4 protein chains.
Amino acid sequence: MINVGILGATGAVGQRFVQLLADHPWFRLHTLTASERSAGKRYADVVNWRLDVPFPESVGDLTVSPTTAEAVKDCDIVFSALPADVAQGIEEDVAANGVGVCSNASSHRMDPDVPLVIAEVNPDHLGLIDVQHDRGRDGFIVTNPNCSTIMLTLALEPLRTFGFSSVQVATMQAISGAGFNGVAAMDIYDNVVPFIRSEEEKMATEPRKIMGSFDGSGVEMAPFSVSACCNRVPVIDGHTLSVWVDIDRPLDEVRKAFLEYAAPFSGLPTQPAKSVEYFDQPDRPQPRLDRNRGRGMTVSVGRLREGVRFTALGHNTIRGAAGASVLNAELIYMKKYL
Amino acid sequence: MINVGILGATGAVGQRFVQLLADHPWFRLHTLTASERSAGKRYADVVNWRLDVPFPESVGDLTVSPTTAEAVKDCDIVFSALPADVAQGIEEDVAANGVGVCSNASSHRMDPDVPLVIAEVNPDHLGLIDVQHDRGRDGFIVTNPNCSTIMLTLALEPLRTFGFSSVQVATMQAISGAGFNGVAAMDIYDNVVPFIRSEEEKMATEPRKIMGSFDGSGVEMAPFSVSACCNRVPVIDGHTLSVWVDIDRPLDEVRKAFLEYAAPFSGLPTQPAKSVEYFDQPDRPQPRLDRNRGRGMTVSVGRLREGVRFTALGHNTIRGAAGASVLNAELIYMKKYL
Amino acid sequence: MINVGILGATGAVGQRFVQLLADHPWFRLHTLTASERSAGKRYADVVNWRLDVPFPESVGDLTVSPTTAEAVKDCDIVFSALPADVAQGIEEDVAANGVGVCSNASSHRMDPDVPLVIAEVNPDHLGLIDVQHDRGRDGFIVTNPNCSTIMLTLALEPLRTFGFSSVQVATMQAISGAGFNGVAAMDIYDNVVPFIRSEEEKMATEPRKIMGSFDGSGVEMAPFSVSACCNRVPVIDGHTLSVWVDIDRPLDEVRKAFLEYAAPFSGLPTQPAKSVEYFDQPDRPQPRLDRNRGRGMTVSVGRLREGVRFTALGHNTIRGAAGASVLNAELIYMKKYL
Amino acid sequence: MINVGILGATGAVGQRFVQLLADHPWFRLHTLTASERSAGKRYADVVNWRLDVPFPESVGDLTVSPTTAEAVKDCDIVFSALPADVAQGIEEDVAANGVGVCSNASSHRMDPDVPLVIAEVNPDHLGLIDVQHDRGRDGFIVTNPNCSTIMLTLALEPLRTFGFSSVQVATMQAISGAGFNGVAAMDIYDNVVPFIRSEEEKMATEPRKIMGSFDGSGVEMAPFSVSACCNRVPVIDGHTLSVWVDIDRPLDEVRKAFLEYAAPFSGLPTQPAKSVEYFDQPDRPQPRLDRNRGRGMTVSVGRLREGVRFTALGHNTIRGAAGASVLNAELIYMKKYL
């Protein structure tokens, strides 16, 4: 068993990490960190479990550590659910200690030698781990993208072969994407908020790095543009996207590409049966009905129409955050980067 | 005072008509129609008033008539809140009786000699009333567009001078747009439904007729395309739109166009101070906060960014339905078409 | 394996029956009935699956039968998710054919020789099956109570030993309790509806039959009164109850009774680890966090205060409907009534 | 015109005070206070207006003052929307300066010489102002009750003549009652929270002081008990209450008492036509439809049944907070306590 830790284990993404790792077949939860005032206490006593899945009792007795590099130095892999500003330095220190970091934080996503990975889309970018080693980092940092970027990029992956240069996307993002306390009820109930800080900028750049080409030393950004309009809507979990992509092919071919898409690997524990699932029903996918497909790891696609337009959706704190990180770690392990 | 009637006065749009006309300075509510089983009863006794504004007591004593052309033959103007299939024949019969019909139904919107009018955008199209008279119709039919089309087209009107050929729009539409019973709570709560029947088709065609050129005998469709993705979201009132339009101008000029826009007329009772209101705040407009601007008749615009992208919103059953019809009627009256 | 059928397998409760029975260790889904126009088609083709758990693919190929007694005559047990007016006659016909009916419908609940059973509360009332046999019915009808009654009565069961004569309860009931199309979004969003037809009457009578004494031939109603105020609130699943009961005991004893309560049997597949789970946290139970405890079969209790007041909640379409029926059937099978 | 100020003018209750006072016929908004960092700036520039009524432009140019007694010393009346801990000392200092304080804060509600007033229920308690003067306070403090207490007590007032000794009430309280940021969306969406800190304690004591008897020097608590279960539900504005009261009278008499109730005074600007409005419809009152009756100042009552049980509701930040305070101030002015 691989010993793993979670930096920031009590927040919305942190709790999803705990949920996904509590009974993991390869990884053993060894260290959970939280704020200074929680350190030293039982995890069960400090976490305010707010997910609608049962609290995994097996984890309750772990003693919470402070969020420091020192605290996780005995782990093989550390998952980071830290806010970007806190993550920056700590993740570097953890990696300097020879530990592998799989981070959901945005701090290092655009670093030239840090892979920004969606396991199914650009597994080869993990080669940047060697670049990090070469310049003297004992461990490594691997990042996963922003939640909306993951839904968009995974939905575009089956279409990569057609080529495209311009993507437009309007998002309808769930409340949980802002963390447990990120959105006040008075601000979102019976409402849409057409603004999510930094989100459109991330969607404009991250997909281009993920779909960029890796030449053994660095990543060249893919030559397409993403123009995003990001909106918060009154949905608990699940980001829904209306997408336009300039593909000039018959819809039948596009549909076939979605239907025939398969991940380039198999056998990873967190991997869903279908990473991308296509619907012919006219009114699908829908977040309440489809966010939990593939235990939250499937991106659902439907409403394919001329344009080319389609709808995509996925579970933002599983496929779009903790699950993406865990799947990356499984791939790293399988590829023997540990 | 002009005597007016409402066809279908008990539904979601019908009640909005009643709200707007109960104390109108020019129009007097003379006839309210509803289904056969309500006919002959007091309006107050048959309506299940479900708006969050008080029931206008002055209207309660009106005796409900059956929904027939005969019932409204003494009216000068009749507002139609009927479903499209029912509206088709009745509206023609009403107009044949010499009565003017201002209809929110979709049945006649694309008829060549029926004006499809947003009062501020294409008041000249009312000239088609004369075309209807010329071919022997004693009264007339004037229609207003689909709710989403109104928000989009009114938001585009200030930009018409720049020219554009391609519009993309993702809508986040309110529950009330489907009528009081159109959406089951189980289907929309904690959910987004990425499909509204016929909505995308209407948005693709109606704006082109509204912004088309009228030459005295007919309307030539404007030469731009609209590609829409229509979504239902858990909001009670107010449609929000993420819009892209291919205008290649500095944002400052676009912003100025929004700020300086003024309606081509003034003094109509239902007309808001600003038909289009522009926001510089980064997170506006929002439906709960802005749908009631201008007593529900203002289209709010904001989040202007490169692309050109922006957000637009308006109250779907006021600006997007009953209020649009009433404003059209006021314009018709002012222009002496009665 | 016992062959089972579901009368009305496409509605909100019908789909829960399918979910619970698709992989049942003792029962095999043999017959699914629906309306005449669905008959003869594959279940997967006629059901509009609207639960947020995946559709059980194994059931999809079953051919739907019409809702008649004939259609289910080869089943050993038939679960009824029919509306009360339809259920009345069909259930009697099914039972006359020698089949056992476990019904969620209200039609026969108060029949003198039909047991109204919550498995953990009054398993002995199943003795009424013999009374039915004695008067010539080949099969039998066993009913489970109204959803709110189940939450209330199961929460009161641990306190039965203290004795009480008066119960007051305000319910906050979920949307799904009215079926998929029972509540329009416009009527419940941002709202509370303080009325649910017949609900308060059921809560006043059903708990008294359930907690009544069975003497081998009939049930004597328990001597307490229930005064209920039933409200619909904007919650998808899970009924929450504020309960007062006139028990004059120290809170410690009441708390202990909740904590120490155990079901009078064990080993039934649908039975949760705890039928009643007690919380000391001041803000629990909550429907979104606690409705799925015990796979939806646990009634959660908390906020115990002087009065005696407490909060109770449970999943209304699982514990309060389909799950209650299935647990009854398991008990019937274990007790060899088949 | 009377000069008035608002302590804490930017929060949920503060904004309601601004809304109600912006165009008041007797009172002129003279001073708005907020936190230190807002002081010195235009109100329009510091307030994040989050009400769904338009921002009153006339107030926008007022310069915000810091929240100190000094800042409001030129006002005749000061309304307090401060949190209880902050309000305690400042309100005393303001009153010491000879200014009248009408406070929505809970700090002084139970002080022996501070009247806790619902204008229609216990106007005579304002006599405690003289008691305050007698013991040397130049100004005065008058408080209004907790929001839920107001709905309950005003609904009980028409029944006072019957006498009662025991009240039980389950509340379903709106999100806005906790302030703009008091409830995270993740905590209340699709949920009920059966706990609101200190709320049940306030409901147990405040109604007894309000309905207590004033003998010229102090208030004797009324001899009845209130047992409350307070719940938060996903409603924006409007508290709904299920109430039991031990009145042993025919329902007809109780109904008549509700119907015939009239406030003991008339002509106050904020006073609604009916302080208590009774509904015979079986499913009313409902918060979304009825909270704005009487411009938010009416308490609606309905669903009267044996028990005696009924439903009551009112707008929590208008009738239950800012409006209650303003109505008290109007009564104080009319009674010449200024």
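Colleague: By what turn, and with what shift along the axis, can chain B be laid on chain A?

Modeller: This is a predicted model, and in it a turn of 180° lays chain B on chain A with an RMSD of 0.0 Å. The shift along the axis is 0.0 Å. As for the surface used, 100% of the contact residues of chain B recur in chain A, and the same surface serves both copies.

Colleague: What makes the relation of chain A to chain C that of a two-fold axis?

Modeller: Chain A goes onto chain C by a turn of 180°, the shift along the axis is 0.0 Å, and the RMSD is 0.0 Å. That turn and shift are therefore the relation of a two-fold axis.

Colleague: Which C-alpha of chain A is nearest that axis?

Modeller: The C-alpha of A:Asp190, which lies 3.7 Å from the axis.

Colleague: How do you know that the same surface serves both copies, chain A and chain C?

Modeller: From the recurrence of the residues: 100% of the contact residues of chain A are found again in chain C. The contact takes twelve residues from chain A and twelve residues from chain C, where a contact means heavy atoms within 4.5 Å.

Colleague: How much area do chain A and chain C bury between them, and which residues of chain A supply the most?

Modeller: About 1,100 Å² is buried between chain A and chain C, 47% of it on carbon and sulfur atoms. On the side of chain A, the residues A:Asp52, A:Tyr189 and A:Arg288 supply 47% of the area buried against chain C, more than any other three residues.

Colleague: Why are α5(D) and α10(D) called roughly perpendicular?

Modeller: Helix α5 (residues 147–156) of chain D packs against helix α10 (residues 318–334) of chain D at an angle of about 95°, and their axes are 8 Å apart. Angles of 65 to 115 degrees count as roughly perpendicular. The two helices, α5(D) and α10(D), are therefore given that name.

Colleague: Which residues meet there, and what makes five of them nonpolar?

Modeller: From α5(D) come D:Cys147, D:Ile150, D:Met151 and D:Leu154; from α10(D) come D:Arg319, D:Gly320 and D:Ala324. Cys, Ile, Met, Leu and Ala count as nonpolar, Arg as charged, and Gly is among the polar ones. The division is therefore five nonpolar, one polar and one charged.

Colleague: Within chain A, which residues make up domain 1 and domain 2?

Modeller: The domain assignment gives 2–146 + 321–334 for domain 1 of chain A and 147–315 for domain 2. Their C-alpha centres are 23 Å apart. The contact draws 37 residues from domain 1 of chain A and 42 residues from domain 2 of chain A.

Colleague: How much do these two domains of chain A bury between them?

Modeller: About 3,000 Å², with 67% of it on carbon and sulfur atoms. In domain 1 of chain A, the residues that lose the most area to domain 2 are A:Glu120, A:Val121 and A:Asn146, together 26% of what that side buries.

Colleague: What kind of peptide bond joins C:Arg284 and C:Pro285, and what is omega?

Modeller: A cis peptide bond, with omega about 5°. C:Pro285 sits in the loop between β12 (276–278) and α9 (287–290) of chain C. In chain D, D:Arg284 and D:Pro285 are joined by a cis peptide bond with omega of about 0°, and D:Pro285 is in the loop between β12 (276–278) and α9 (287–290) of that chain.

Colleague: What is the phi of A:Lys336?

Modeller: A:Lys336 has a positive phi of about 60° although it is not a glycine. The residue A:Lys336 lies in the segment after α10 (318–334) of chain A.

Conventions: Residues are numbered from 1 along each chain as its sequence is written. Chains are lettered from A and ligands numbered from 1 in the order in which they are written. This is a predicted model: local features need pLDDT of at least 70, side-chain atom pairs count only at pLDDT 80 or more; totals for chains, interfaces and linings use all residues. Side-chain values use heavy atoms; hydrogens and water are left out. Axes are lines fitted to C-alpha atoms, for helices over the stretch in contact, and angles run from 0 to 180 degrees between N-to-C directions. Helices (H or I, at least four residues) and strands (E, at least two) are DSSP runs, numbered from the N terminus. Angles under 35 degrees count as roughly parallel, over 145 as roughly antiparallel, 65 to 115 as roughly perpendicular and the rest as oblique. Copies are superposed by least squares on the C-alpha atoms of residues with pLDDT of at least 70 in both. Domain bounds come from an automatic or database domain assignment. Buried area is the accessible area (1.4 Å probe) that two parts lose on being put together, summed over both.
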